[in-house]
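Open the model in your viewer and keep the selection panel at hand. The tour below goes from stop to stop, saying at each one what to select and what is there.

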Amino acid sequence: MSAPPHNLGGMQTWQTIPLWEEDPAAPIAPTRPARLGWADAVGVFDLETTGVDVTSDRIVTAHVGLLDASGTAVRAQSWLADPGIDIPEGATAVHGITTAHARAHGSAAPSVIAEVVSALRDLLDAGIPVVAYNAPFDFSLLKYEALRHGIPPILEPSPVIDPLVLDKAHDRFRRGKRTLEAVAAHYAVPLVGAHDATADAIAAGRVAQALARRFELDAPVHELHTRQIGWARAQADSLTEYFIRIGRLDPDDRLDGSWPIR
């Protein structure tokens, strides 16, 4: 079990900004110069959904963008989808998006999902790391949405940077919550409008950059991706043992530590 997903937020307005260069002859995604560290250019990704079950819940809003070394969003695209099912009142209470609003103003789910998958593929294929806070939630839910609508899914996203995994690995014994809001505050990253796909995605990217600076995470990004697989598994095992000790899990149960997708 991962940390409770933060992504049930919404947006008050939805404005599509061209994700890549407007020049049709330009590369679909920029290739970073080898001399730059991975944190100098990071993709960011966040979903806001109808719930927290990655196999059955649906995308309501999504954001994919690109941050430069200063954390400035240089390219971005946001989507509002008609998820095709009713949005539960509990989700609406968090993100403010009603079923009626999504149906009236959202794009068809298949087109949104296809565009999100395409935008992420462009980043990953260019070797640009995609930051997603609690990555298994966002990437897994997107996978099942793609399969639901007959869209080729991203099955092995790489390279991915997950600030939740990095923070737990490098500041293991810090007390307190590990929500995006709490971790952003700890690293002095502003997060205005939490539970908004755009705000959460950008904040997560900036947290990842802050972690890179704080802990000198300058290993090649694909090496760091591989390390996170092991860290996430170890973190799930540790949490499993804790839950068993306090009686929250049966001794035969295990939390799923698969990362960055399940």
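In what order do the strands of the open sheet stand? The order is E4-E3-E2-E1-E5-E6, 6 strands with mixed pairing. Keep in mind that this is a predicted model.

**The sheet and its edges**

Select strand E4 (107-108) and E6. These two stand at the edges, and each has a single partner strand, so one side of each is left without a neighbour in the sheet. Strands of a sheet pair through backbone hydrogen bonds, in either a parallel or an antiparallel way. Now add E3 to the selection: E3 and E4 run parallel and are joined by 2 bridges. To find the place, pick Ala81, which stands opposite Ser107 in E4.

**After E3: Ile87**

Next, select Ile87, in the loop between strand E3 (73-82) and helix H1 (89-95). Is Ile87 buried or exposed? Ile87 has a relative accessible area of 6%, which puts Ile87 under the 20% limit for buried. Show the residues around the side chain: with neighbours within four places in sequence left aside, Ile87 is in contact with Thr50, Val60, Thr92, His95, Ile97, Thr98, Thr99 and Ala102. For a distance label, use the C-alpha atoms of Ile87 and Ala100, which are 9.0 Å apart in space and 13 residues apart in sequence.

**Two positive phi values**

Most residues other than glycine have a negative phi, and most peptide bonds are trans. The next selections depart from one or the other of these patterns.

Go to Asn134, in the loop between strand E5 (130-131) and H4. Asn134 has a positive phi, near 60 degrees, and is buried at 3% relative accessibility. Then select Glu216, in the loop between helix H7 (197-215) and H8. The phi of Glu216 is also positive, near 50 degrees, but Glu216 is exposed, at 63% relative accessibility.

**Two cis peptide bonds**

Select Ser158 and Pro159 and display the backbone. The peptide bond from Ser158 to Pro159 is cis, with omega near 5 degrees. Pro159 belongs to the loop between helix H4 (135-148) and strand E6 (160-161). Move on to Trp259 and Pro260, where the peptide bond is again cis and omega is near 5 degrees. Pro260 is in the segment after helix H8 (221-245).

**A buried lysine**

Which side chain of opposite charge is nearest to Lys143? Select Lys143 in helix H4, then Asp256, the nearest such side chain, 8.9 Å away. Lys143 is buried and has no salt bridge. The cut-off for a salt bridge is 4 Å between a side-chain nitrogen and a carboxyl oxygen. Not counting residues up to four places away in sequence, Lys143 touches Pro153, Ile154, Leu155, Ile261 and Arg262.

**Aromatic rings**

How many aromatic pairs are counted? The count comes to 2. One of them is formed by Tyr242 and Phe243, with 5.9 Å from centre to centre and 45 degrees between the planes, a tilted arrangement. Colour the two residues by accessibility: Tyr242 is partly exposed at 39%, whereas Phe243 is buried, with a relative accessible area of 6%. Last, add Arg248, which lies over the face of Phe243 at 4.3 Å from the ring centre. With Phe243 selected, both the tilted partner Tyr242 and the charged neighbour Arg248 over the ring face can be shown in one view.

How values were computed
Residues numbered from 1 in each chain as written. Predicted model: local features only at pLDDT ≥ 70, side-chain atom pairs only at ≥ 80, totals over all residues. Heavy atoms only, no water. Phe/Tyr/Trp six-rings, centres within 6.5 Å; stacked < 30°, edge-to-face > 60°. Buried < 20%, exposed > 50% of the residue type's maximum accessible area, 1.4 Å probe, protein only. Lys NZ or Arg CZ within 6 Å of the ring centre and 35° of its normal. Helix = DSSP H or I, 4+ residues; strand = E, 2+ residues; numbered from the N terminus. Lys, Arg positive; Asp, Glu negative; His and termini not counted. Contact = heavy atoms within 4.5 Å. Pairing = 2+ DSSP bridges.
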